[in-house]
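Here are some exercises to work through with the model open beside you. Try each task by yourself, then compare your steps with the solution.

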Amino acid sequence: MHVHGRCHCGAVEWEAEVDPERSSVCNCTDCQSFSGAPFRASVPAKAEHFRITKGAPQRYVKTADSGNQRAQAFCGACGSPLYSADVENPQAYMLRLGALDQRTEIEPKRRIWCGSALAWAQDVSGLPGVAGG
């Protein structure tokens, strides 16, 4: 599937080919902190199928307890999270679903790091809602 993404302010844009069947939700505490939300939803794009078409993202390198390093890309102007990838020679980019134009068409197919999941965020369908865009 061909996708197009952009940060909130439009300073950074990209396009990629992704397989929607590989989309996921991550409940790890890093993803909660990075996103400011209970989880983060992503879909991978192989490096050869990913291209930045406008601007240049900023990067923050996170070193895991294992010593593995991941670059977290974001817009330097508005702060929107864009993707993560290996720091050196990335083979794939984990694109953030919220930044894709096609986000309504890509439903996550699995959940990971469920041991860190916030119980209250697993089903919010019973909360009162307000219609809007």
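**Exercise 1. Find the residues with the most contacts inside the largest nonpolar core, and the elements that build this core.**

Solution. Keep in mind that you are looking at a predicted model. Start with the core itself: the largest nonpolar core holds 22 residues. Inside this core, the most contacts belong to Trp 14, Val 18, Phe 50, Leu 95 and Leu 100. Next, look at the elements that contribute two or more residues: these are strand 2 (13–17), strand 4 (40–46), strand 8 (81–86) and strand 9 (92–96). In soluble globular proteins, nonpolar side chains tend to be buried together.

Now zoom in on Leu 95. Leaving aside residues up to four places away in sequence, its contacts include Trp 14, Val 18, Phe 50 and Leu 100. Val 3, Ser 42 and Tyr 83 are also among the residues that Leu 95 touches.

**Exercise 2. Work out the strand order of the open sheet of three strands, and explain why one side of each edge strand is left without a neighbour.**

Solution. First, read the order, which is 1-2-5, with antiparallel pairing. Then look at the edges: strand 1 (2–6) and strand 5 (50–54) each have a single partner strand, so one side of each has no neighbour in the sheet. From one strand to the next, the twist averages 20°.

Then follow one pair in detail. Strand 1 and strand 2 are joined in the antiparallel sense by five bridges. Val 3 has Ala 16 in strand 2 as its bridge partner, while Arg 6 stands opposite Glu 13 in strand 2. Finally, check the turn: the hairpin of these two strands has six residues between the strands, and there Gly 10 takes a positive phi near 85°.

**Exercise 3. Do the same for the open sheet of seven strands: which strands are at its edges?**

Solution. The order here is 6-7-8-9-4-3-10, and the pairing is mixed. Strand 6 (58–63) and strand 10 (110–112) are the edge strands, each pairing on one side only. The twist in this sheet averages 30° from one strand to the next.

For a closer look, pick strand 4 and strand 9, which run antiparallel and are joined by five bridges. Here Ser 42 stands opposite Arg 96 in strand 9.

**Exercise 4. Describe the largest pocket: how much space does it hold, and which element gives the most to its lining?**

Solution. The largest pocket contains about 510 Å³ of space. Its lining is made of 20 residues, and those nearest the centre are Cys 28, Asp 30, Cys 31, Arg 70 and Trp 113. Two or more lining residues come from each of strand 3, helix 1, strand 4, strand 7 (69–74) and strand 9. Helix 1 gives the most, with three residues.

**Exercise 5. Decide for two loop residues, Asn 27 and Glu 105, whether each is buried or exposed.**

Solution. Begin with Asn 27, which sits in the loop between strand 3 (24–26) and helix 1 (29–35). Its relative accessibility is 0%, so Asn 27 counts as buried, the limit being under 20%. Among the residues that Asn 27 touches are Gln 32, Phe 39, Arg 111, Trp 113 and Gln 122.

Now turn to Glu 105, in the loop between strand 9 and strand 10. Its relative accessible area is 53%, so Glu 105 is exposed, the limit being over 50%. As a last step, compare sequence with space: Glu 105 and Cys 7 are 98 residues apart in sequence, and their C-alpha atoms are 18 Å apart.

Terms used: Residues numbered from 1 in each chain as written. Predicted model: local features only at pLDDT ≥ 70, side-chain atom pairs only at ≥ 80, totals over all residues. Heavy atoms only, no water. Helix = DSSP H or I, 4+ residues; strand = E, 2+ residues; numbered from the N terminus. Buried < 20%, exposed > 50% of the residue type's maximum accessible area, 1.4 Å probe, protein only. Contact = heavy atoms within 4.5 Å. Core = buried A, V, L, I, M, F, W, Y, C linked by side-chain atoms within 4.5 Å. Pairing = 2+ DSSP bridges. Axes fitted to C-alpha atoms, helices over the stretch in contact; angles between N-to-C directions. 1 Å grid on protein atoms, 1.4 Å probe; cavity = no way out; pocket = protein on both sides within 12 Å on 5 of 7 lines; lining within 4 Å. Points joined across faces, edges and corners; volume = space filled by probe spheres on them.
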